[in-house]
Each structure stands twice: as C-alpha cells, then as structure tokens.
Amino acid sequence: MRAHDEMYIDGAWRPAVGRDTIAVVNPADERVIAHVPAGTAEDVDAAVRAARAAFPAWAATPPAERAARLTALADALAARKDTLAETITAELGSPLPLSQAVHAGVPVLVAASYAELAARYAFEERIGNSTVLLEPVGVVGAITPWNYPLHQIVAKVAPALAAGCTVVLKPAEDTPLTAQLFAEATEAAGLPPGVFNLVTGLGPVAGQALAEHEGVDLVSFTGSTAVGKRIGAVAGAAVKRVALELGGKSANVILPGADLARAVNVGIANVMTNSGQTCSAWTRMLVDAERYDEAVELAANAVTKYAVGERVGPLVNAAQQARVRGYIARGVEEGARLIAGGPDAPLETGFYVSPTVFADVTPDMTIAQEEIFGPVVSILRYEDVDDALRIANGTVYGLAGAVWAADDEEAVAFARRMDTGQVDINGGRFNPLAPFGGYKQSGVGRELGPHGLAEYLQTKSLQF
C-alpha cells in the first residue's frame with residue numbers, strides 16, 4: 001500500500017519534524033500495510049503558518065474562481081475513485097462495493113455541490129441602508145474521524161474552501177492514507193500553496209496542537225462527544241468558533257399502521273451499513289406493543305442476510321472491537337434478550353463483531369442510552385405514540401432518526417416533535433444538500449449544503 005512518509009504543507013510534501021511514525025493496520029487481517037509520520041506541534045505550527053499566509057489571497061479570490069478549483073477537485077477525486085475505494089477498504093475494512101458506492105462515490109457529489117454553490121452563493125446583500133457581507137472566517141483546523149474518512153474530509157474542506165477559508169487537516173490516525181490521496185487531488189486541482197495543508201498524527205498531540213493554535217480561527221471536529229467537549233473547552237478559552245458533529249443514539253420509530261416489514265428491514269440495513277460505525281445509525285428500533293413480537297421475528301430474519309466478512313466488514317481496530325463486544329456483554333447482563341449475534345468474536349482473524357440484535361430492551365439500559373458504534377440494534381416496546389416520543393427523545397443525543405407511518409403527514413407530525421437534527425420519513429433518501437448535525441450533545445453547527453457553507457462565514461455590516 002503506497003503511503004507518503006511526509007506532510008503536505010504549503011503546496012509540497014515535506015519531512016516531518018520528528019521521526020516517529022504511525023502504523024496503518026488492515027482491520028480485516030490485522031497486517032500492517034503502511035506507516036505515516038506522527039506529526040508534532042511543530043508540524044502543526046508550520047501548516048497553520050502556511051494557511052495563515054495563504055489566506056488573504058484565497059479570501060480575495062472571486063467566488064467563481066474558487067468554484068472552478070472545487071470543480072477540478074471533484075474531477076480529481078472522481079479520477080481516483082477506484083484507488084480511493086481500494087485504499088478505504090484496506091485501512092477501514094469496508095467491503096469494496098460499499099467503498100466504491102458510498103465512501104468514494106458520495107464525496108465526489110458533495111465536492112461538486114460546493115463548486116456549484118460557491119458560484120451562486122449570495123456573499124453580500126442589502127438590508128435597509130446597510131450592505132451585509134459574508135466573509136470567510138479565516139484558517140480552519142479540520143479534525144476528521146475514521147468511519148467515513150473521505151466523506152468527512154470533503155464535508156469540511158469543500159465548504160471551507162468555497163467560503164474563502166484556508167485549511168489544515170488532521171485526519172484520524174487509523175485512516176491517514178485516504179487523506180494523503182485527498183491531498184494529491186488538491187494538488188491536481190491546482191489549489192494555491194498553503195490553501196490546503198495535511199498533518200498526520202495522533203489526536204492528543206497533533207489534534208490538540210491544532211485545536212489550541214492561536215492561528216486557527218475555527219475548529220471543525222467530527223468524533224466522540226467526550227473529545228468534542230474538550231475541543232469546545234479549548235476553543236472557548238480563546239473565544240474561537242467551533243463546529244462539532246458528535247455522537248448519536250438515533251431512534252427508528254415505527255408507528256402503528258406503518259409497513260412493518262419494510263421499516264424493520266430498512267432499519268436493520270441502516271445499522272449494518274459500515275459495520276454499524278455510523279454516528280447517525282438508527283440503533284434504537286421502537287415498535288408498538290401490539291406488533292412487537294412480529295417486529296422481533298422480522299428483525300431476527302433480516303439480520304441473517306448480513307454475513308460477517310462479506311456484507312459486514314470488521315471494526316476499525318482491536319480497541320473498537322473490544323468496546324463493542326463489551327457493550328453486547330453488558331446488554332446480556334442487564335437483561336436484554338439476545339435474538340441474533342452475541343459478544344463472541346465470529347472469526348479468529350480480523351476485528352469482526354457479529355451482527356447483533358437485542359429484544360426486550362428498556363429505555364434505561366446501557367445499550368439504549370450509550371453510543372455503541374457497532375452492528376448492534378436494540379428493539380424497544382412502546383405503549384402509545386406519546387410513549388414512543390418520550391423514549392425517542394430520552395437520551396442525551398439528538399443527531400438523526402427515522403419515522404415510519406401509514407402516511408407521510410402522520411410521520412412528519414411525529415418528526416416535528418423529535419429532538420434531533422435530521423429525520424428520514426418513510427425511508428426518505430439521502431440528500432447531500434440537506435443540513436446535517438445534531439441537537440443536545442450531538443453537537444453544534446451543520447454540515448452539507450448552504451447551511452454547511454454558512455459555518456465558515458462571518459458577518460459584517462456596512463451602513464450608508
């Protein structure tokens with residue numbers, strides 16, 4: 001597996017300050033496939049300085065020219081789609097068809113959407129006797145997770161560039177090779193030196209240095225709520241803006257009269273995608289008492305379609321595997337009924353976890369309250385619609401969810417009462433232009449579409 005042993009700073013690949021490296025492991029067979037530099041605070045400082053120097057010229061670049069560079073970036077990603085998919089499969093363990101369609105495919109659409117948006121966005125408007133300007137925030141420190149390594153990069157970098165910001169990216173240490181390929185794409189797209197910079201490294205070292213750096217104006221982070229709180233505290237001390245996309249415990253609410261078979265099958269598929277390593281996964285399935293037993297039977301049958309090592313890949317590393325298996329064991333200990341899967345490792349090699357479904361889960365159980373981040377579904381019983389709403393809203397999270405009903409109007413009425421940032425109605429399709437982000441401890445700010453672009457802008461008014 002090809003890897004750069006340098007950082008991408010100020011338009012060039014250059015050696016890291018230190019000699020420490022990070023081993024990149026294929027989670028499917030546990031082999032080391034590459035090594036990348038473990039960046040230091042000095043590397044971060046060099047990258048931020050480059051971004052700071054490049055900012056005035058890039059901010060002054062006409063939006064149409066920024067849009068052209070984003071179009072070129074989307075084209076460069078499309079040209080590397082096969083390599084990107086193979087790399088993501090190697091370092092994340094995602095089955096290749098998923099890597100091709102989702103991991104490598106969707107980011108091309110997102111990058112292209114921001115090229116189109118940059119070309120037509122109203123960066124100024126007249127309000128009474130004032131001209132209101134929307135200007136780039138400045139230097140963005142982007143810290144991205146491993147679960148959707150390319151999508152999360154594009155969802156931060158593309159709108160930041162469209163806004164006129166410059167960027168320093170610190171990707172997750174488990175999936176740095178995808179970030180290196182993205183850096184190559186920015187080169188091919190002709191971005192000016194310093195507009196995009198890449199520092200690989202560990203979160204407590206490079207990530208913390210980036211969040212704390214006085215030259216960074218906004219920190220955009222996707223990851224756990226615990227880390228997000230620390231970043232928020234660091235940024236708050238410097239009165240620095242943040243965009244935080246954090247954890248989730250999303251509810252899949254199946255109302256009386258809904259198509260139960262479709263709702264259950266789509267719900268199981270939603271959680272099994274990416275081995276359950278999706279912050280917006282509908283990990284709590286809520287079913288009315290009258291149809292509960294039927295739903296449990298449907299779920300037990302549906303999960304058999306997800307073969308380990310074929311449709312369900314490994315978790316990203318040994319620690320994540322142990323964490324998820326621990327949650328499954330906790331569910332059994334607390335009295336949930338295991339109807340599929342379990343805590344035992346299904347294969348001798350690779351960080352796999354069996355697709356697992358629990359029945360008789362109560363809202364107070366650990367597996368109903370905490371984010372597991374694995375292929376685990378909890379089925380909960382509710383007595384009436386108000387009870388369903390109480391359970392759906394009864395966690396500290398509010399990232400996503402789903403509602404199924406006999407008609408869209410009924411589903412929308414329920415969704416309007418949910419404390420969550422995005423709700424799919426009767427199997428609604430993914431929309432790359434719709435804002436994505438959470439309520440409560442699922443974060444602050446939004447990604448994708450015009451709302452995602454707005455995160456990287458600040459407002460100035462001129463009175464005449």
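At what angle do helix α6 and helix α7 pack, and how far apart are their axes? In this predicted model, α6, spanning residues 149-163, and α7, spanning residues 176-188, pack at an angle of about 45°, and their axes lie 9 Å apart. Because angles that are neither under 35 degrees, nor over 145, nor from 65 to 115 count as oblique, α6 is described as oblique to α7. The crossing of the two helices is right-handed. On the α6 side the contact is made by Pro149, Leu150, Ile153, Val154 and Val157, which meet Thr178, Ala179 and Phe182 of α7; by class, seven of these residues are nonpolar and one is polar, with no charged residue taking part.

Phe182 of α7 also appears in the largest nonpolar core, which has 63 residues and in which Leu70, Leu77, Phe182 and Phe196 have the most contacts. To this core α6 gives the most, with ten residues. When residues up to four places away in sequence are not counted, Phe196 touches Phe182 together with Tyr8, Val157, Val167, Leu169, Ala183, Thr186 and Leu191. Apart from this core lies another, of 29 residues, including Ala251, Tyr327, Val353 and Val361.

A further position considered here is Thr395, which is found in the loop between α14 (385-392) and β17 (397-398). With a relative accessibility of 7%, Thr395 counts as buried, since the cut-off for that class is under 20%. Once neighbours within four places in sequence are left aside, the residues in contact with Thr395 are Lys249, Arg284, Ala368, Gln369 and Lys440.

Key:
Residues are numbered from 1 along each chain as its sequence is written. This is a predicted model: local features need pLDDT of at least 70, side-chain atom pairs count only at pLDDT 80 or more; totals for chains, interfaces and linings use all residues. Side-chain values use heavy atoms; hydrogens and water are left out. Axes are lines fitted to C-alpha atoms, for helices over the stretch in contact, and angles run from 0 to 180 degrees between N-to-C directions. Helices (H or I, at least four residues) and strands (E, at least two) are DSSP runs, numbered from the N terminus. A crossing is left-handed if the near helix is turned anticlockwise from the far one by less than a right angle, and right-handed if clockwise. Contact means heavy atoms within 4.5 Å. Ala, Val, Leu, Ile, Met, Phe, Trp, Tyr, Cys and Pro count as nonpolar, Asp, Glu, Lys and Arg as charged, and the others, Gly among them, as polar. A nonpolar core is a set of buried Ala, Val, Leu, Ile, Met, Phe, Trp, Tyr and Cys residues joined through side-chain atoms within 4.5 Å. Buried means under 20% relative accessible area, exposed over 50%, partly exposed in between (1.4 Å probe, protein chains only).
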